[in-house]
Each structure stands twice: as structure tokens, then as C-alpha cells.
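Hello,

Here is the structure I promised to pass on to you. Have a look first, and then read on for what I found in it.

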Amino acid sequence: GPALKDDPEYAKYWKMLKMGLPKDAARNALQRDGKDPAIIDFDPEKSFKSQMKKSDADEEEDDGPALKDDPEYAKYWKMLKMGLPKDAARNALQRDGKDPAIIDFDPEKSFKSQMKKSDADEEEDDGPALKDD
């Protein structure tokens with residue numbers, strides 16, 4: 001296929017960067033358009049297809065933006081960056097209906113890749129299911 005920066009489906013996102021917009025703006029636009037926001041981190045000189053194969057092989061378990069860049073979770077890492085305690089971020093996660101344990105995840109990895117990992121950890125529990133009375 002064509003180089004990403006020349007690919008009719010993705011060229012506009014590289015044009016955004018060229019015009020001086022931050023990568024996050026391009027990520028948001030990709031997400032808004034239903035595309036993977038991580039695409040903006042790909043090499044614009046190579047085709048989409050050639051890089052998809054590579055990244056699948058490289059990091060099979062990671063599918064999605066790093067938590068700190070994930071539009072759904074970035075604000076909690078921003079809180080930490082601003083010097084707020086982890087508990088404040090935990091409370092915000094809980095207030096927003098998200099799992100407060102997420103703040104202990106690796107902000108460099110995607111939410112999905114870490115959820116899979118913790119699901120695998122919990123599989124060892126083969127006791128009887130707890131029932132609600």
C-alpha cells in the first residue's frame with residue numbers, strides 16, 4: 001500500500017502534525033473517526049499494512065493506546081503528574097465509575113493488554129463461585 005502520509009485514509013492526520021498540531025490532537029481525530037489512535041506513532045513513510053504486521057508480531061498482547069495516552073484514562077495520570085496523590089486519582093476513577101485499581105497499572109501499556117494479564121492471573125481460582133443471596 002501507499003506510505004501512511006500519502007494514504008488517502010490517513011494522510012489528513014499527518015497533515016495535522018505538519019501544521020503544528022500536537023500528536024494528541026491527531027490521536028483524538030483518529031479515535032473520533034473510528035481508527036486506532038496509535039496509528040499516529042507509526043512511520044508515515046511506510047504503508048499501514050506493513051506496520052500492522054510488524055506491530056502484531058512485536059507486541060501481540062498490546063492492543064490500544066498506552067493508558068497515559070488513552071483518552072478514557074489519560075486524565076488520571078495527568079493528576080499524578082500534577083503532584084496529586086494516587087488516592088486522589090483512585091477516588092476520581094471510582095467517581096467516574098471505573099476500577100480504582102487502574103491507577104496501579106503500567107501507564108506505558110494499553111488498558112486491554114493489562115486487563116488480559118490480570119484475567120489470566122485470576123484464572124487460578126477454581127473454588128466454588130460466590131453466589132449473591
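What sign does phi take at G97, just after α5? G97 has a positive phi there, of about 75°. Please keep in mind as you read that this is a predicted model.

Let me stay with helix α5, which covers residues 86-95. Its buried residues include A89, A92 and L93. Looking down the axis of α5, you would find the buried residues within an arc of 100°, so they line one face of the helix. On the other side of α5 sit N91, Q94 and R95, which are exposed.

And what do the buried residues of α5 pack against? Their partner is α4, residues 74-81. The axes of these two helices, α4 and α5, come within 9 Å and cross at roughly 160°. With that angle being over 145 degrees, α4 is roughly antiparallel to α5. The crossing of α4 and α5 is right-handed. On the α4 side, the residues that meet α5 are K75, Y76, M79 and L80. They face K86, A88, A89, A92, L93 and R95 in α5. Sorted by class, this contact of α4 with α5 has 7 nonpolar and 3 charged residues, with no polar ones. Two of the names come back here: A89 is buried and takes part in the contact with α4, while R95 is exposed and is also listed in that contact.

Now to the other pair of helices I looked at. Helix α1 spans residues 11-18, and helix α2 spans residues 23-32. They pack at an angle of about 160°, with their axes 9 Å apart. That makes α1 roughly antiparallel to α2. The crossing of α1 and α2 is right-handed. From α1, the contact takes in Y13, M16 and L17. From α2, K23, A25, A26, A29 and L30 take part. By class, the residues of this contact are 7 nonpolar, no polar and 1 charged.

Which residues of α1 are buried? They are Y13, W14 and M16. These residues cover an arc of only 145° around the axis, which puts them on the same side of α1. K15 and K18, on the other side of α1, are exposed. The buried residues of α1 pack against α2. Just after α1 comes G20, where phi is positive, at about 95°.

One residue of α1 deserves a paragraph of its own, namely M16. Is M16 buried or exposed? Its relative accessible area is 19%, and the cut-off for buried is under 20%, so M16 counts as buried. Leaving aside residues up to four places away in sequence, M16 touches L21, A25, A26 and A29. Of these, A25, A26 and A29 also appear on the α2 side of the contact between the helices. A26 is 10 residues from M16 along the chain, and the C-alpha atoms of the two are separated by 6.4 Å.

If you open the model, M16 in α1 and the buried residues of α5, A89, A92 and L93, are the places I would show you.

Best wishes

Technical notes. Residues numbered from 1 in each chain as written. Predicted model: local features only at pLDDT ≥ 70, side-chain atom pairs only at ≥ 80, totals over all residues. Heavy atoms only, no water. Axes fitted to C-alpha atoms, helices over the stretch in contact; angles between N-to-C directions. Helix = DSSP H or I, 4+ residues; strand = E, 2+ residues; numbered from the N terminus. Parallel < 35°, antiparallel > 145°, perpendicular 65-115°, else oblique. Left-handed = near helix turned anticlockwise from the far one by under 90°. Contact = heavy atoms within 4.5 Å. Nonpolar A, V, L, I, M, F, W, Y, C, P; charged D, E, K, R; others polar. Buried < 20%, exposed > 50% of the residue type's maximum accessible area, 1.4 Å probe, protein only. Arc of directions from axis to C-beta.
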